[in-house]
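Q: Got a minute to walk through this one with me? I'd like to get a feel for the fold before I head back to the bench.

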Amino acid sequence: MNWLYLGIAVIFEIAVAISAGNAKGFTRLGWTAATLVSGAIATFFLSVALLAFDVGVGYAIWTSCAGVGVAVLGALFVGQRLNWKKSVGIALVIGGVVGLRLSGAA
């Protein structure tokens, strides 16, 4: 169940990044509200997940998965470029998360 909470936290953290990018320095009210609400939800689910994870491991997985998600969604839907260097970086992040999981994190 804790992995589910962490997954929900990741999804809402991705929403934070997308919303913040569209909020234009918090000048667009709807996107600003979406950023703040998504951030609150992401933080709530992260805190619940951290009841079972070491804080460093849970936080590392959360930020890494959200970062990869934002990079991939940006490439798929926003027209951001995903070159080979970024792809290698994403692969390394995924490898790190898998390594943390295999280390017995929760």
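**Two threonines and their surroundings**

Q: Let's jump right in: leaving aside its neighbours within four places in sequence, what is Thr-32 in contact with?
A: Thr-32 is in contact with Ala-23, Phe-26 and Thr-27, once neighbours within four places in sequence are left aside. Keep in mind that this is a predicted model.

Q: Thanks. Where is Thr-32 placed?
A: Thr-32 sits in helix α2, which covers residues 29-49.

Q: And is Thr-32 buried or exposed?
A: Buried: its relative accessibility is 11%, and the cut-off for buried is under 20%.

Q: Which backbone oxygen lies 2.8 Å from a polar atom of the Thr-32 side chain?
A: That is the backbone oxygen of Arg-28.

Q: What about Thr-35, which helix is that in?
A: Thr-35 lies in helix α2. Thr-35 counts as buried because its relative accessibility is 8%, and its side chain reaches the backbone oxygen of Trp-31 at 2.8 Å.

Q: Which residues does Thr-35 contact, leaving aside its neighbours within four places in sequence?
A: Thr-35 is in contact with Val-16, Ser-19, Ala-20, Ala-23 and Phe-26. You'll recognise Ala-23 and Phe-26 from the contacts of Thr-32.

Q: Phe-26 keeps coming up. Where does Phe-26 lie?
A: Phe-26 is in the loop between α1 and α2. Its phi is near 60°, a positive value in a residue other than glycine.

Q: Which other residue in that loop should I look at?
A: Try Lys-24, also found in the loop between α1 and α2. Phi of Lys-24 is near 50°, again a positive value in a residue other than glycine. Lys-24 is partly exposed, with a relative accessible area of 49%.

Q: Okay, zooming out. How many helices and strands does the protein have?
A: The protein has four helices and zero strands, and the pattern along the sequence is α-α-α-α. Its C-alpha atoms fill a box of roughly 45 × 35 × 20 Å, taken along the principal axes.

Q: What share of the residues is buried?
A: Buried residues make up 26% of the 106 residues. As for contacts between residues at least 6 apart in sequence, 66% of them join residues at least 24 apart.

Q: Now the inside. Which residues of the largest nonpolar core touch the most other members?
A: Those are Leu-6, Ala-9, Val-10, Leu-46, Ile-61 and Trp-62, out of 14 residues in the core. Helices α1 (2-22), α2 and α3 (55-77) each supply at least two residues of this core. As background, nonpolar side chains in soluble globular proteins tend to be buried together.

Q: What does Trp-62 touch, not counting residues up to four places away in sequence?
A: Trp-62 touches Leu-6, Ala-9, Val-10, Glu-13, Ala-42 and Leu-46.

Q: Last topic, pockets. What volume does the largest pocket have?
A: The largest pocket has a volume of about 200 Å³. The elements giving two or more residues to its lining are α1 and α3.

Q: Which residues line the largest pocket?
A: The lining is made of Ala-17, Ile-18, Gly-21, Asn-22, Val-70, Leu-73, Gly-74, Phe-77, Val-78 and Gln-80.

Q: And how many of the lining residues are nonpolar, polar or charged?
A: The lining divides into six nonpolar, four polar and no charged residues.

Methods: Residues are numbered from 1 along each chain as its sequence is written. This is a predicted model: local features need pLDDT of at least 70, side-chain atom pairs count only at pLDDT 80 or more; totals for chains, interfaces and linings use all residues. Side-chain values use heavy atoms; hydrogens and water are left out. Buried means under 20% relative accessible area, exposed over 50%, partly exposed in between (1.4 Å probe, protein chains only). A polar contact is a pair of N or O atoms within 3.5 Å; within protein, one must be able to donate a hydrogen and the other to accept it, and residues adjacent in sequence count only if both atoms are side-chain atoms. Contact means heavy atoms within 4.5 Å. A nonpolar core is a set of buried Ala, Val, Leu, Ile, Met, Phe, Trp, Tyr and Cys residues joined through side-chain atoms within 4.5 Å. On a 1 Å grid over the protein atoms alone, a cavity is a set of points where a 1.4 Å probe fits but cannot get out, and a pocket is an open set with protein on both sides within 12 Å along at least five of seven lines; lining residues have an atom within 4 Å of a point. Grid points are joined across faces, edges and corners, and a volume is the space filled by probe spheres set on the points. Ala, Val, Leu, Ile, Met, Phe, Trp, Tyr, Cys and Pro count as nonpolar, Asp, Glu, Lys and Arg as charged, and the others, Gly among them, as polar.
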